[in-house]
Every structure is written in structure tokens, then in C-alpha cells.
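Could you walk me through this model in the viewer, one selection at a time? I would like to know what to pick next and what is there.

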Amino acid sequence: MDLMLIRPNDMKAVYGDTYQYVACEPPYWAGVIASYARERNISVGILDAEALNCSPEDVAECVAERKPALIGVCVTGNNLSASTQKMNGAGLVCQAIKKREEKTPVFMWGLHPSALPERTMEEENIDFLVKGEGLKEIVQLLEYVKHGTGNLEDIKGLYYRGRGRVVGNSQLNIEEIGNVPAPAWDLLPMERYLPHNWHMLGEDSGAARGRYAVLATSLGCPYNCSFCAIASQFGSRKVRFFDIGRIMEEIDVLVNRYHIKYLKILDECFVLNEKYVSEFCDRLIEKDYGLNIWGYARIDTVNEKLLEKLRKAGIRWLAFGIESGSKKSMDGVSKGQYDNGKVKRVVEMVKNAGIHVLANFMFGLPDDDLEDMQATYGLCREINPEWINFYVTMAYPGSKTYREYIENGEELPGNWMAYAQYSYECTPKGSKYLSPAQVLEYRDWAFHAFFEDNGRYFENIEQKFGKQAVASIQESTKGRLRRKLLEGSRSNI
């Protein structure tokens with residue numbers, strides 16, 4: 001085998017006791033890299049250690065059996081921003097491989113490595129790091145490793161060790177969108193993938209395994225939210241849209257060959273370009289696949305006409321980054337374009353269209369005080385979404401927030417697992433007015449308060465999904481996360 005791509009397995013560490021309710025989704029970018037390489041007559045394989053529940057030692061054993069010329073460890077989570085929290089697991093995999101196959105070259109790829117290339121090279125037991133999308137560059141690296149052709153310094157986005165130090169080419173090559181292929185689904189254990197628990201509400205969860213996939217209709221994001229690091233991967237705030245005909249061919253394969261019913265659209269903002277989304281929906285309506293699809297939207301990118309079409313096309317859920325109920329806090333992270341009144345109107349409009357709302361909120365934004373966090377929780381209760389994600393604000397490497405903290409000389413967690421929202425080590429940055437412990441404690445309190453004392457919420461769930469859905473949610477939300485930061489302390493709020 002020429003190239004072996006690995007998605008590490010660290011679900012239990014990253015998600016704590018909630019891991020059993022989290023989606024296990026196909027590693028989209030590993031599949032894309034594999035397709036790109038295979039189109040150029042490179043023999044390639046993918047080991048999805050997460051889906052197959054492989055330990056680092058299991059991965060090393062598989063590497064020894066397959067004997068690849070080059071190994072790539074893909075550091076991605078269930079969205080591109082969830083890369084830093086995967087670094088511990090990725091590092092353990094690299095260590096296990098090098099212990100078993102010391103001479104086999106290993107590179108890392110992903111958002112976190114792209115954000116901190118020099119530091120990653122210094123900290124991890126790897127030979128190379130590929131920054132950005134890296135499709136062409138991975139092929140060039142393989143040619144160098146196998147045949148000695150080309151020069152490492154000419155490969156854009158490549159970091160390596162030379163003359164006793166880390167050197168690299170910081171330029172990024174942004175591939176033409178038409179050259180980015182569909183993932184190599186046949187190299188993945190498609191029978192293993194499973195949607196989030198909320199995605200299956202009201203449906204037979206047992207029949208969902210092996211019927212879940214992900215795809216992208218666009219790459220990149222035009223916005224500049226301070227807490228987001230997506231530009232580290234894509235280089236600029238530019239969005240590239242895939243040809244809709246190609247996307248429909250990809251869905252045909254997923255539905256007809258792999259019997260997919262549940263689909264996630266990976267785009268940072270799926271509902272962005274109304275003309276594009278409308279045409280895509282028309283094609284889906286024509287096909288009538290019977291899919292249950294979810295994707296991301298913004299409060300300012302939807303309208304009644306488009307929502308009606310989205311629902312007819314099979315989009316059952318829309319996820320909104322509402323973030324905060326405080327205008328002051330939203331202004332502080334470059335996301336203050338809409339107020340609570342508009343949030344309420346749009347959420348109601350989405351629900352009236354028959355689409356369920358997944359609302360994402362953040363506690364501990366830089367300008368948050370206790371009153372601001374209470375306003376955020378109050379807004380969530382008021383709009384009553386079908387599902388919620390409550391996050392604590394992190395200074396993710398590659399984000400504007402991270403750069404500001406580094407420039408100000410502020411201390412950040414040394415353990416990458418501290419960036420995992422549901423982990424034992426979770427450590428938010430804290431705000432100007434609140435300590436990390438205060439932010440984390442409020443987030444955990446708010447989550448359980450929402451699900452334990454909210455008859456209005458469960459009335460809505462029972463009406464839309466049935467009594468079994470109510471019981472399922474109550475079961476999945478009753479457990480308390482263990483938090484190192486909060487152990488042995490009295491209430492911080």
C-alpha cells in the first residue's frame with residue numbers, strides 16, 4: 001500500500017459519559033484525500049479507528065500488516081472546529097505507530113495542525129505536517145517518500161525537520177473546487193456509522209446504524225467570528241460551491257449503494273446562498289429520496305419561502321449558532337448582527353415550516369458576566385428548541401480569540417483535552433468577569449436545568465416525536481459529567 005490514512009479513536013476521553021449519544025460519522029476528509037490519491041493511481045487505504053473501536057496498539061498492528069509507504073493521521077472531529085480536542089488521541093496513535101514501525105514516515109493533517117504547525121511538529125512523534133486542504137501536497141509528499149522526486153521545500157503547506165529544526169512552506173494551495181472529489185466510501189466501514197440521538201427522535205434508532213453519512217455542498221466560510229478557527233484550514237473567508245449535479249450523483253451513490261437515510265451537510269453554513277440552496281432543494285424534491293437531513297444555517301439566511309422548500313427536500317433539522325442572549329457579548333465576538341427579537345421570530349418561522357431547531361449557545365464569551373449568561377439561558381428557554389448544545393467558550397488555536405490571548409501573554413491550557421467540551425479536563429478560558437470554573441459550572445447547571453425542569457419543552461417533544469422520545473431524552477440527559485475543575489469546590493456562581 002502506498003498511502004494509509006487513519007482517523008484516531010478517543011471518543012470516551014473527548015465526550016465522557018455522553019459518548020454513547022454522539023454520532024459516529026464517516027471521516028469525510030480522509031475519504032476525499034483517498035479519492036484524490038486513488039485518481040492518481042496511488043494505492044490507498046483508510047483505517048477508521050473510531051468506527052472500529054481500535055486502540056492505538058490495534059492501529060499500529062494494522063500498520064505493520066499493511067506496510068504503507070506513508071501514513072497520514074487525520075485530526076478532525078464531528079465538525080472541523082473540533083480538531084484540538086482530538087490531538088491527544090492522535091498523538092497516542094503516532095506514538096504507537098512509531099514504537100512499532102519507527103522508519104515508516106507519518107504526517108498529520110487537520111485544522112489544529114494547520115493552526116499550530118511548528119508547535120505540532122515539536123510536540124508530536126511525526127515526520128511531516130500538511131497544512132490546509134493538502135490534496136495535491138500529500139500526493140507530492142508520497143512521491144518524495146517513495147521515489148525521492150521533487151523538493152520538500154517546494155511543497156506548499158508542508159512542514160518537516162531540517163538542519164535540526166522545524167522548517168516549512170507556509171503558503172497554502174487552495175484546490176479548484178472541481179478537483180475535489182467525492183469521498184472513497186468503499187474504503188470506509190459504512191455499516192458502522194450512526195447519527196446523533198436527537199437526529200433519530202421519533203424513529204427506530206436500531207435501524208439507523210449503517211444508514212448515516214455526511215457530505216459537503218461547499219467549502220469555507222465568509223464570516224469572521226472571533227471564536228472560530230476555520231480559516232486555518234481553508235486559508236481565507238471565501239466559499240467554494242460544489243456543482244449541484246455532482247452532489248446529486250454522490251447522494252445517489254449513498255442512497256442506492258449504501259442505503260443511507262440520515263444525512264448531515266457538513267458546510268459551515270449550508271443555508272447561505274439562497275439561489276444555490278433553492279436549486280439543490282429542487283433536485284432533492286424531484287428525487288424524493290425520503291432522507292432525514294440536517295445542516296447549519298444562520299438567523300439572517302432563512303426566509304419563509306426557502307424554509308418551505310427545505311422541508312419538502314427532506315431537511316428535517318436546522319442548526320443555528322445563536323450563541324448568546326446578550327447583545328453586548330455578541331458584539332464582542334463580531335456576531336451582533338441580529339437581536340433577540342429576530343432570533344425569536346426566525347425560530348418560530350422555522351418551526352412553523354415543520355423543521356426542527358438545534359440551537360447552539362455559548363457561555364463565557366469574553367464580555368459575559370453572570371447576567372449575560374442568565375440572559376442566554378433565558379433566551380433558550382423562551383425559544384424552546386427541539387434540541388440544544390450548550391458550549392463553553394474556548395480559545396481554539398487558529399481563532400482570533402486565541403491570537404489575542406497569546407499576544408496578551410495570557411495562560412492557556414497545556415493539555416489539549418482541556419479543549420474538549422464534555423471531557424473531565426474541560427477548562428474554558430473564562431471571561432473578563434468570570435473565572436473558568438464559574439463559566440463551566442453555569443454551563444453544566446443550565447444544561448440540566450433545561451432538561452429537568454421544563455414541562456413546556458417535553459410537551460413539545462411528545463407532540464412532535466411521541467412519548468418514547470421523551471423517555472429517550474430524559475435517559476440521555478440525566479447523567480452528570482465529571483469535571484476536574486469543579487471537584488472539591490463549593491458553588492462558584
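Start by selecting Thr393 and showing its surroundings. Leaving aside residues up to four places away in sequence, Thr393 touches Met362, Phe363, Gly364, Leu365, Pro428 and Lys429. Keep in mind as you look that this is a predicted model. Thr393 sits in the loop that links β15 (387–392) with α16 (400–407). Is Thr393 buried or exposed? Its relative accessible area is 5%, and the cut-off for buried is under 20%, so Thr393 counts as buried.

Next, step back from that loop to the sheet. Select β8, β11, β12, β13, β14 and β15: in that order they form an open sheet of six strands, paired in parallel. Which strands are at the edges? They are β8 (212–215) and β15, each of which pairs on one side only. Ignoring direction, neighbouring strands of this sheet are turned by 20° against each other on average.

With the sheet still displayed, add helix α15 (residues 370–383). This helix packs on the sheet and touches β13, β14 (356–363) and β15. Compare its direction with that of β14: the angle between them is about 175°.

Now zoom in on one pair of strands within the sheet. β12 (residues 292–297) and β13 run parallel and are joined by five bridges. To find one of these, pick Tyr296, whose bridge partner in β13 is Ala319.

From β13, move on to helix α12 (residues 304–312). Colour Leu306, Leu307 and Leu310, which are the buried residues of this helix. Why do they lie on the same side of α12? Because they cover an arc of only 100° around the axis. Show their surroundings and you will find that what covers them includes α11 (274–287), β13 (315–323) and α14 (340–352). Then rotate to the other side of α12, where Glu304, Lys305 and Lys312 are exposed.

Both ends of this helix are worth a stop. At the start of α12, look at Asn303: one of its side-chain oxygens reaches to within 3.2 Å of the backbone nitrogen of Lys305. After the helix comes Gly314, which has a positive phi, near 105°.

For the next view, go to strand β2 (residues 44–48). Five of its five residues are buried, so the strand is mostly covered. Show the side chains and follow the directions: Val44, Ile46 and Asp48 point one way, while Gly45 and Leu47 point the other way, and all are buried. Now add strand β1 (residues 3–7), which runs parallel to β2 and is joined to it by five bridges. Leu3 is a good residue to pick here, as its bridge partner in β2 is Val44.

Finish with the cysteines. How many disulfides does a search of the whole structure find? The count is zero. Select Cys94, which is in no disulfide: the nearest cysteine sulfur belongs to Cys74 and is 11 Å away. Cys94 has 0% relative accessibility and counts as buried. Then select Cys269, also in no disulfide. For Cys269 the nearest cysteine sulfur is that of Cys221, 6.8 Å away, whereas a disulfide requires the two sulfur atoms to be within 2.5 Å. Cys269, at 6% relative accessibility, counts as buried too.

Notes:
Residues are numbered from 1 along each chain as its sequence is written. This is a predicted model: local features need pLDDT of at least 70, side-chain atom pairs count only at pLDDT 80 or more; totals for chains, interfaces and linings use all residues. Side-chain values use heavy atoms; hydrogens and water are left out. Buried means under 20% relative accessible area, exposed over 50%, partly exposed in between (1.4 Å probe, protein chains only). Helices (H or I, at least four residues) and strands (E, at least two) are DSSP runs, numbered from the N terminus. The arc is that of the directions from the helix axis to the C-beta atoms. Contact means heavy atoms within 4.5 Å. A polar contact is a pair of N or O atoms within 3.5 Å; within protein, one must be able to donate a hydrogen and the other to accept it, and residues adjacent in sequence count only if both atoms are side-chain atoms. Two strands pair if DSSP finds at least two bridges between them. Axes are lines fitted to C-alpha atoms, for helices over the stretch in contact, and angles run from 0 to 180 degrees between N-to-C directions.
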